[in-house]
Amino acid sequence: MKKSNFKINRTKLYHKLINNKLVYDNKSLNRYKKDINQTLTNGSKDKLSRLAELKVKINSIKNCELKKSATNLVFSDGNPFAKIMIIGEGPGANEDKEGKPFVGRAGKLLDKMLDAIKLNRKNVYISNVVNFRPPLNRRPTDEEIKRYLPFLIKHVELVNPKILLLLGSTALNALIGNEVVISKARGKWVSKKIGNVNPDIIASFHPAFLMRQPDQKKYAWEDLKMIKKKMSELKIKFNG
Ligand code: URA
């Protein structure tokens, strides 16, 4: 997607989320004149509103210890129309404060990793296994993962990425299964249906782990190169 289109889409999404029918237009004379319904195609409108609905659904989860102790729901960041979706574990303190995934130190490293293969948050979409911060950054329990899994599967279905990158063992175990450890599972393409979609899936090390074990970054780099190669095979453009 072109940079300008992405900006317009993001503005439209924002207006939609705040239920505002007026869309800011760059042309001075037309400002605030266009109706969002005239400018988004049906497919993309549907996708954005279904994502907004999913967000509302997650936010209305009841009797959840994670939600009780969290400040904000952390739903996603990036481009909902991206062909690459990235799943982390769960929000940390910074993410909880800002309501956005991967904005803390691990997020800065993730941005660098993406940049190494010419990607950024305008051409990927990012979410987590759980959408509320586990207290003291503990791992989400199996029960919590199980509870959020239907939301995660729905999220992947709605985004419908061509490539799904799972960062760390929590995302790997949630979506692929418990049989393998991340050091064995990383760097391999996996074929598995997630709900009703069928992305090419690859697991890699979580950036927080790489900050603790920088000698493992060479493996993460191998995985990133595999993603770059797959993008070219699938004809995914770097700006798309
Ligand atoms: N770690 C994660 O797994 N997700 C975030 O959003 C931040 C840190």
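These questions and answers cover the ligand site, the core and one buried glutamate of a predicted model.

In this predicted model, local features need pLDDT of at least 70, side-chain atom pairs count only at pLDDT 80 or more, and totals for chains, interfaces and linings use all residues. Residues are numbered from 1 along each chain as its sequence is written, and side-chain values use heavy atoms, with hydrogens and water left out.

Student: Which residues surround the ligand?
Tutor: Near means that a heavy atom of the residue lies within 4 Å of the molecule. The shell divides into 2 nonpolar, 4 polar and 2 charged residues. Here Pro and Phe count as nonpolar, Glu as charged, and Gly as polar. The residues are Gly88, Glu89, Gly90, Glu95, Pro101, Phe102, Asn128 and His206.

Student: Which residue has a polar side-chain atom 2.7 Å from an oxygen atom of the ligand?
Tutor: Take the backbone partners before the side chain. A polar backbone atom of glutamate 89 is 2.7 Å from a ligand oxygen, and a backbone N or O atom of glycine 90 lies 3.0 Å from a ligand nitrogen. The side-chain atom belongs to histidine 206.

Student: How much of the ligand's accessible area does the protein cover?
Tutor: Accessible areas come from the Shrake-Rupley method with a 1.4 Å probe. On its own, the ligand has 240 Å². The protein covers 92%.

Student: Which helix gives the most residues to the largest nonpolar core?
Tutor: A nonpolar core is a set of buried Ala, Val, Leu, Ile, Met, Phe, Trp, Tyr and Cys residues joined through side-chain atoms within 4.5 Å. The largest one has 59 residues, and those with the most contacts inside it are Ile87, Tyr148, Leu164 and Leu166. Helices are DSSP runs (H or I, at least four residues), numbered from the N terminus. The top contributor, with 7 residues, is helix H7 (residues 142-159).

Student: Is glutamate 144 buried or exposed?
Tutor: Glutamate 144 lies in helix H7. Buried means under 20% relative accessible area and exposed over 50%, with partly exposed in between (1.4 Å probe, protein chains only). Glutamate 144 has 11%, so the residue is buried.

Student: Which side chain makes a polar contact with the side chain of glutamate 144?
Tutor: A polar contact within protein is a pair of N or O atoms within 3.5 Å, where one must be able to donate a hydrogen and the other to accept it; residues adjacent in sequence count only if both atoms are side-chain atoms. Leaving aside neighbours within four places in sequence, glutamate 144 is in contact (heavy atoms within 4.5 Å) with Leu66, Val130, Arg138 and Arg139. The polar partner, at 2.8 Å, is arginine 138.

Note on methods:
Helix = DSSP H or I, 4+ residues; strand = E, 2+ residues; numbered from the N terminus.
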